[in-house]
Amino acid sequence: MKNQILKILKEEDKYISGEDISKALNVSRTAVWKHINELRKDGYTIESSSKKGYRFLEAPDIPDKREISIPQGQMIGADIQHFDEIDSTNNYAKKIANEGCAHGTVVVAEKQTTGRGRIGRQWQSDTSEGIWFSIVLRPEMKPEDLQVITLAASVAVVEAIEETLGIVCGIKWPNDIIIDGKKLGGILTELSAEPGHVNYVVVGIGINANQDLEHFDYEIRQKAISLKMCKGETVSRSNLLGSILTNFEEVYKGVLLGKNKEIIDRWTKYSVTIGKEVKIAYRNMEYIGTAQSVASDGRLIVQCKDGVTREISAGEIQVRGLLGYT
Ligand code: BTN
């Protein structure tokens, strides 16, 4: 009910009487008043006047379904489940994916208690100043063709950041989002598959949005950056998330249509890895070489100094730039 009242207030954009709202929704004026107070507790600024009624003034920057706007009919984000606190949005997304949730369901949290990064690392996400979310996908694809989805996700993120904030980020292969050699965000893709069949994919994305430097744990302070630190002002998490989801819908459709080359070209435009010297670590072996390009299946092609050209999958191997983040 309170969300229906919010919708009416937003659409009206001027004073509307409690009586008109109560008639429109077939509830008492006292109920309207109670729900308006709840909306205020949620952070909404709603003006009231005994003569004129209520007027919507401002929404809080909470990236939930009330504040994220996506085009009508879009599947990515058609269902958005928002939590104040959760262990990890990826864990919850996997749980509901196992229970049969719809393709495109998004899980977003203000804080994660055990946010996870790639290669078993922790992901500091103990503050609502970041954007922490996971998207459940049900692609009709073979498991071995999935890597391009993660590249597509990083394209959706960097293009959205550029479109909404005018900040141009880099991507370190496969999907670290970088600004000024520091990490702004990352993507953790997890899947459930059987030979030849994918049950679901969960794309978990973390973006440092409004943290100040002191918010980051001491150990990562030299390596982390937020959009606020870069722009010098607070950014709207809801706007950015809406834009990422909308972009993701578009690039994901591209993946399904086999437009891998187009996606990889867009990814390469932002790459800080291609053309750089990299060290690849695989089990106990290390190779140094030059990152040449990304193959149509998403693997990184590295011309190694031992004369061998290696094609590297993100899951298997760690790639380190020799000079910070490349
Ligand atoms: C990386 O190591 O670069 C990947 C970081 C991914 C973090 C996001 S935050 C939302 C989602 N939930 C998690 O536990 N991890 C991902």
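**Figure 1. Domain layout of the predicted model.** The domain assignment splits the chain into domain 1 (2-58), domain 2 (80-270) and domain 3 (277-321). Taken over C-alpha atoms, the centres of domain 1 and domain 2 are 35 Å apart.

**Figure 2. Residues annotated as "binding site" in UniProt.** The annotation comes from an unreviewed entry. It covers S88, T89, N90, Q112, R116, G117, R118 and K183. Two of these residues, S88 and R116, are shown in the next views.

**Figure 3. Close-up of S88.** S88 sits in the loop that runs between β3 (80-86) and α4 (89-98). Its relative accessible area is 2%, so S88 counts as buried, the cut-off being under 20%. Leaving aside residues up to four places away in sequence, S88 touches Q112, T114 and R116. A polar atom of the S88 side chain lies 3.1 Å from the backbone nitrogen of N90.

**Figure 4. Close-up of R116.** The loop between β4 (106-112) and β5 (130-137) holds R116. With a relative accessible area of 30%, R116 is partly exposed, because that class lies between the 20% and 50% cut-offs.

**Figure 5. Contacts of R116.** Residues up to four places away in sequence are again not counted. R116 touches S88, N90, N91, K94, R121, W123, L188 and E190. Among them, S88 and N90 also belong to the UniProt "binding site" annotation. The side chains of R116 and N91 are joined by a polar contact of 2.7 Å.

Notes. Residues numbered from 1 in each chain as written. Predicted model: local features only at pLDDT ≥ 70, side-chain atom pairs only at ≥ 80, totals over all residues. Heavy atoms only, no water. Domains from an automatic or database assignment. UniProt positions renumbered as here; feature names shortened; annotations may be inferred. Helix = DSSP H or I, 4+ residues; strand = E, 2+ residues; numbered from the N terminus. Buried < 20%, exposed > 50% of the residue type's maximum accessible area, 1.4 Å probe, protein only. Contact = heavy atoms within 4.5 Å. Polar contact = N/O pair within 3.5 Å; in protein donor to acceptor, adjacent residues only side chain to side chain.
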